[in-house]
Amino acid sequence: MAYVAARGGERAIEQSERLYRQGLGAIDARRVAEIGRALPWLVDRIMGEASLHAPDLAALALAQAGGDLYEAVLLLRAWRTTQPRLAVAEPLTQDGLFVHRRISAAFKDIPGGQILGPTLDYSHRILRTEVLEGERFAPDPVEPAADPAPARQPLLADWLRAEGLVATPARQEVAKEDIPDLTREPLLFPAGRAHRLQSLARADTGGVLALGYAAMRGYGPAHPTVNELRLAEAEVRVSHPRGTVFSAGRVKVSQAEIAAKGGTDTIDLGFSATLGWNEVKVIAGGTLDLNAAKAEIGSALEEEFFLYHTEPVEASGFCLHFKLPHYVTFQSALDALRGARQAKAAAEVDEPEREPAE
């Protein structure tokens, strides 16, 4: 591709940025805090696609970007790259999560029981227009359960393995420092399991949904069923230089196991997880993971296709780069078009007129 560097017009460029920011108004800590309180699910989505659990910074990025998701993800990723890496957290196990919501569409009765948690799955979607007329919409208070469910829940896949329905994969012991890190290494194909799941974890929610939806509608070899969906908090445990392991806090995580009939007597499982609470993304991501193994080469469900095309920063950046001056490229296309027209006109002049047949 050939570009022309933009020269001159510095004042116009400066004023255009001022015009953009003028529309957003002043940003202060109070405004950022209000965004964090009012839009927690959107903040979660930004954190997941930016690979950084920092609710205040994600809310600040949203404020600066005026709600432009791709711009906010870019801001947060750019900030993350400036920070030192102080430690590598201890590996997490799924049964060690603090569960807020845990459901299964495959089985009604599961070990530990189903926990609905925060959801609008069973609610009427009614727009509260009375708020615009001055009334206040306040949700009814939650009534605590008399017998709360345990915070830690067993893994449903373990129960399936005990029943002999799911094959147990060979366990590979890897030191935590040696786990591949997509934020520092390029994505190569065929991707390792760690890189595939990390790439899905920071993928664009809309892109993962579009391709996962295609698989669900029949364009994939495996029809999904949500074996287990979890919204939880994970305790981040790191090692002090003196050797002591301590908790550095908790982060919100989502994960989904997607099941489909595999062979004649087994079930295949796909998996997806991300930072923050984002059910659509992990269900669609788990569906893509489930279908990838049997996807046809060149199809939208092939690993290389869906991992490349759901990367939010690269995809949005490539789309927006077409705003840059492409004068040379387009003039070359016009020159070729004019040349073809001239050649065609010359050929029509040189061609002798034929006498009509009597």
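Helices, taken as DSSP runs of H or I at least four residues long, and strands, taken as runs of E at least two long, are numbered from the N terminus. With that numbering, the loop between strand 1 (98-103) and helix 6 (156-162) is the place of Ala-145. The model discussed here is a predicted one, and Ala-145 makes a handy starting point for a walk through it. With a relative accessibility of 53%, Ala-145 falls in the exposed class, for which the cut-off is over 50%. From the C-alpha of Ala-145 to that of Val-280 the distance in space is 27 Å, and the two residues stand 135 apart in sequence.

Stepping back to the whole chain, twelve helices and four strands make up the secondary structure of the protein. The protein is more spread out than a compact globule, because its radius of gyration, 27 Å, is well over the 21 Å that the globule rule gives for 358 residues. Along the principal axes, a box of roughly 100 × 60 × 55 Å is filled by the C-alpha atoms. Buried residues account for 30% of the 358. Of the contacts between residues at least 6 apart in sequence, 66% join residues at least 24 apart.

The surface and the charges can be summarised in a similar way. About 23,500 Å² of the protein is accessible surface, and carbon and sulfur atoms hold 57% of that area. Side chains counted as negative number 49 and those counted as positive number 39, with 5 Å between the centres of the two sets.

Turning to individual elements, helix 3 spans residues 40-50, and its buried residues are Val-43, Asp-44, Ile-46, Met-47, Gly-48, Glu-49 and Ala-50. An α-helix has 3.6 residues a turn, so residues three or four places apart point the same way. After helix 3 comes Ser-51, which has a positive phi, near 60 degrees.

A second spot worth a visit is Asn-291, a residue of helix 9 (residues 279-292). Asn-291 counts as buried because its relative accessibility is 1%, where the class requires a value under 20%. A polar atom of the Asn-291 side chain lies 2.8 Å from the backbone nitrogen of Ala-222. Ala-222 also appears among the contacts of Asn-291 once neighbours within four places in sequence are left aside, together with Ala-215, Gly-220, Pro-221 and Leu-301. Asn-291 is thus a buried residue, whereas Ala-145, back in its loop, is an exposed one.

Conventions
Residues numbered from 1 in each chain as written. Predicted model: local features only at pLDDT ≥ 70, side-chain atom pairs only at ≥ 80, totals over all residues. Heavy atoms only, no water. Rg over C-alpha atoms; globule rule 2.2 N^0.38 Å. Buried < 20%, exposed > 50% of the residue type's maximum accessible area, 1.4 Å probe, protein only. Contact = heavy atoms within 4.5 Å. Areas by Shrake-Rupley, 256 points an atom, 1.4 Å probe, with all protein chains shown as cover. Lys, Arg positive; Asp, Glu negative; His and termini not counted. Charge placed at Lys NZ, Arg CZ, Asp CG, Glu CD. Polar contact = N/O pair within 3.5 Å; in protein donor to acceptor, adjacent residues only side chain to side chain.
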